[in-house]
Amino acid sequence: IALQFVTRSMGQYVTGSLVNLILIASGLMCGLWGGLAVAVLSPICAFFIGIGPAFPQVVPAVALGNAVLVLLWVLIAGAKNAPIARQAIALVVAAVAKFLTLYLVIVKWLVPMVLTLNEKQTAVLSASFSFPQLITAVIGGVLAMLLVPPLRRALKV
């Protein structure tokens with residue numbers, strides 16, 4: 001939450017990539033349940049302090065997308081010394097799955113069928129929860145691949 005607050009003026013690519021890094025690192029270092037807790041609670045807290053999704057209906061969708069990212073990373077590459085190939089598979093599979101989850105739930109379902117938005121709001125929300133989600137999930141995954149191993153060694157986790 002603090003990271004989102006500090007980086008919100010830097011744009012979606014910076015903030016989103018760092019949030020995805022924290023989500024993945026939480027899952028890999030704290031285990032599945034710790035990672036899922038961060039994945040689900042962070043968009044709820046962000047919404048309540050005014051730095052998350054502007055519409056409350058979007059919050060559960062973001063939590064779901066985050067949970068998908070963490071779940072797949074932990075299941076595919078959660079082992080302490082997972083080979084780089086497994087980490088690369090986790091990166092691709094989890095990033096695509098998060099992107100598809102958010103795109104389908106928010107852009108294809110919530111925006112046209114649940115939310116009552118004007119044209120500009122529809123365009124902004126649809127753009128935010130489409131391709132940029134794939135990019136930020138990939139960047140967050142690459143950062144996790146670089147940072148989690150030394151963190152694990154330093155913390156002996």
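**Note on pockets, helix H4, aromatic pairs and cysteines**

1. In the second largest pocket, the lining is made up, by class, of nine nonpolar, two polar and three charged residues. This is a predicted model, and the volume of that pocket comes to about 190 Å³. Of the 14 residues that line the second largest pocket, Lys80, Asn81, Val148, Pro149 and Arg152 are the closest to its centre. Helix H7 contributes the most to the lining of the second largest pocket, namely six residues.

2. The largest pocket encloses about 700 Å³ of space. Its lining counts 27 residues, and those closest to the centre are Gln12, Ile51, Gly52, Pro53 and Phe129. Several helices take part: H2 (12–30), H3 (32–48), H4, H5 (84–114), H6 (119–128) and H7 (131–155) each supply at least two residues of the lining of the largest pocket, and the largest share, five residues, comes from H2. By class, the lining of the largest pocket divides into twelve nonpolar, 13 polar and two charged residues.

3. Helix H4, which covers residues 59–77, can be checked against the length expected of it: at 1.5 Å a residue, its 19 residues should span 27 Å, and because the C-alpha atoms at its ends lie 27 Å apart, the two values agree. H4 is also mostly covered, since 14 of its 19 residues are buried.

4. The count of aromatic pairs comes to two. One of them joins Phe47 and Phe48 in an edge-to-face arrangement, with 5.5 Å from centre to centre and 70° between the planes; edge-to-face applies because the planes are over 60 degrees apart. As for accessibility, Phe47 counts as partly exposed because its relative accessibility is 24%, whereas Phe48 is exposed, with a relative accessible area of 67%.

5. Zero disulfides are present in the structure. Cys30 is in no disulfide, and the nearest cysteine sulfur, that of Cys45, is 16 Å away. Seen from Cys45, the closest cysteine sulfur is in Cys30, and at 16 Å it is too far for a bond, because a disulfide requires the two sulfur atoms to be within 2.5 Å. The accessibility of each cysteine may be noted as well: Cys30 is exposed, with a relative accessible area of 57%, while Cys45, at 36% relative accessibility, counts as partly exposed.

How values were computed
Residues are numbered from 1 along each chain as its sequence is written. This is a predicted model: local features need pLDDT of at least 70, side-chain atom pairs count only at pLDDT 80 or more; totals for chains, interfaces and linings use all residues. Side-chain values use heavy atoms; hydrogens and water are left out. Helices (H or I, at least four residues) and strands (E, at least two) are DSSP runs, numbered from the N terminus. The expected span of a helix is 1.5 Å times one less than its number of residues. Buried means under 20% relative accessible area, exposed over 50%, partly exposed in between (1.4 Å probe, protein chains only). Rings of Phe, Tyr and Trp (its six-membered ring) pair if their centres lie within 6.5 Å; planes under 30 degrees apart count as stacked, over 60 as edge-to-face and the rest as tilted. On a 1 Å grid over the protein atoms alone, a cavity is a set of points where a 1.4 Å probe fits but cannot get out, and a pocket is an open set with protein on both sides within 12 Å along at least five of seven lines; lining residues have an atom within 4 Å of a point. Grid points are joined across faces, edges and corners, and a volume is the space filled by probe spheres set on the points. Ala, Val, Leu, Ile, Met, Phe, Trp, Tyr, Cys and Pro count as nonpolar, Asp, Glu, Lys and Arg as charged, and the others, Gly among them, as polar.
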